[in-house]
Amino acid sequence: MLADWPRKFQKLRVDRASKTPAPHKPLLLLAILDFVESGDIVTPRVKLTPELAFRFLGYWEVVAARGRSMGRVELPFFHLQSDGILRHVAHDGLDAALASIRPISVQLLNRVISHAELPEDLFALMTDQQSREAMRRALIGGNWFLPNERIKLNAMLGIEGDFSVNAEEMASSPAQEEVCQGRDIRFRLLIVPLYGYSCLLCGMKVLLPSGTTLVEAAHIHQFSKSRNDDIANGMALCRNHHWAFDQGLWTLGHDFNVIVACDSFTEEAPNQLSLSAYHSHSVDLSHLAVEHRPSQKYLEWHRRHKFIGNLSSRPGT
Ligand SMILES: [Zn+2]
């Protein structure tokens, strides 16, 4: 009966109260499959962590164009129990509270629920590559996604062939745009966790239980010009430093030394470190595999085409 899970996934009960069904459950299951694949989940125990919530929110962006409010990971984490997919386990002494708890917020659920358990046979399937693919196909092919959302999901997951989108649907949809959006989400989901949800320049990390984070995935060689979403073309930056990087107020040199265009702008930062104060610092990339570090080829483009300061007078550039 092992092979039944993809079929069961297609029969998930999703919220159909509004015009389009809200696919919270399929999106959380896609996030859980990713975490099993990456080794972030190694037993049938699933914890409602900020990291899992972040991944869920990435998937939620696929349906964001519907105009619904922000995705809420606590809803599928709670309601997948009724589908027999997640069994909630209470913290010690809180079994009674489990019966009456409602999915008001991540924090509230986590106060009562220690973790959820996947059925053993489902978890075993999730650890197998081919079975994961079958489950992803069942989830993406479900009738809760629109054709353009399936294109984005396929692009996110690097699935070739758009199995769940027929030629007619492709023709009626600006597929290239959807592919770009899907790849952009994938870029963010790769880069931000790789940098520990922290800004490469200032180290700032804010990750909420809901999965919202201060840090963004920045392209080094501007994406609209390069169409390049390699990991080595990315860095995680807080919003301020992402903006300043895109404006060319700072860049990185050959030794990953910070170069700030100090003479080219004015700034006041009475209560925090100014951008200029980072000049000549080196960023710490030691936690990244060499192939994941920002590529000097892309940094060279940024130094030449975006940086607004004068490079020739600066050593080490
Ligand atoms: Zn920063």
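1. Quick definition before anything else: the radius of gyration here is taken over C-alpha atoms, and the globule rule is 2.2 Å times the number of residues to the power 0.38. This is a predicted model, so read what follows with that in mind. For 317 residues the rule puts a compact globule near 20 Å, and the chain has 22 Å, which agrees. Along the principal axes, the C-alpha trace spans about 70 × 55 × 35 Å.

2. On to the overall make-up. The chain carries 14 helices and seven strands. Buried residues come to 37% of the 317. If you take the contacts with a separation of 6 or more, 65% of them join residues 24 or more positions apart.

3. The domain assignment splits out domain 1 (4-171) and domain 2 (215-305). Their C-alpha centres lie 34 Å apart. Keep those bounds handy when you look at the elements below.

4. Now the sheet. Three strands form an open sheet in the order 1-3-2, with antiparallel pairing. Strand 1 (45-46) and strand 2 (87-90) are at the edges with a single partner strand each, so one side of each has no neighbour in the sheet. Strand 3 (residues 113-117) pairs with strand 1 over two bridges, in the antiparallel sense. The antiparallel pairing of strand 2 with strand 3 runs over four bridges.

5. A residue to click on in that sheet is E117. In strand 3, E117 stands opposite R45. E117 is also the bridge partner of R87.

6. Next, the nonpolar cores. The largest has 50 residues, and those with the most contacts inside it are L28, A31, I32, A53, F56 and F77. Which helix gives the most to this core? That would be helix 2 (residues 24-38), with eight residues. There is also a second, separate core of 27 residues, and C199, L200, V215 and L249 are among its members.

7. A31 deserves its own look, being listed among the residues with the most contacts inside the largest core. Leaving out residues up to four places away in sequence, A31 touches L52, R55, F56 and Y59. F56 is on that core list as well.

8. Is helix 9 mostly enclosed or mostly open? Nine of the eleven residues of helix 9 (residues 147-157) are buried, so the rest of the structure largely encloses it. The buried set is N148, E149, R150, I151, K152, L153, N154, A155 and M156. Helix 8 (129-140) and helix 11 (175-194) are included in what covers them. Just after helix 9, G158 takes a positive phi of about 65°.

9. R136 is a good follow-up, as it sits in helix 8, one of the elements covering the buried residues of helix 9. With 22 other C-beta atoms within 10 Å, R136 is buried, because the cut-off for that label is 20 or more. Setting aside residues up to four places away in sequence, R136 touches L30, L33 and L157. R136 and P26 are 110 residues apart in sequence, yet their C-alpha atoms are 9.0 Å apart in space.

10. Two backbone angles to check by eye. Most residues other than glycine have a negative phi. Y197 is not a glycine, but has a positive phi of about 60°. Where is Y197 found? Look in the loop between helix 11 and strand 4 (215-219). Y197 has 18 other C-beta atoms within 10 Å and is partly exposed.

11. The second angle belongs to F256, again not a glycine and again with a positive phi of about 60°. F256 is found in the loop between strand 6 (250-252) and strand 7 (258-260). It counts as partly exposed, with 17 C-beta neighbours inside 10 Å.

Key:
Residues numbered from 1 in each chain as written. Predicted model: local features only at pLDDT ≥ 70, side-chain atom pairs only at ≥ 80, totals over all residues. Buried ≥ 20, exposed ≤ 12 C-beta atoms within 10 Å, placed from the backbone. Contact = placed C-beta atoms within 7 Å. Pairing = 2+ DSSP bridges. Domains from an automatic or database assignment. Core = buried A, V, L, I, M, F, W, Y, C linked by C-beta atoms within 7 Å.
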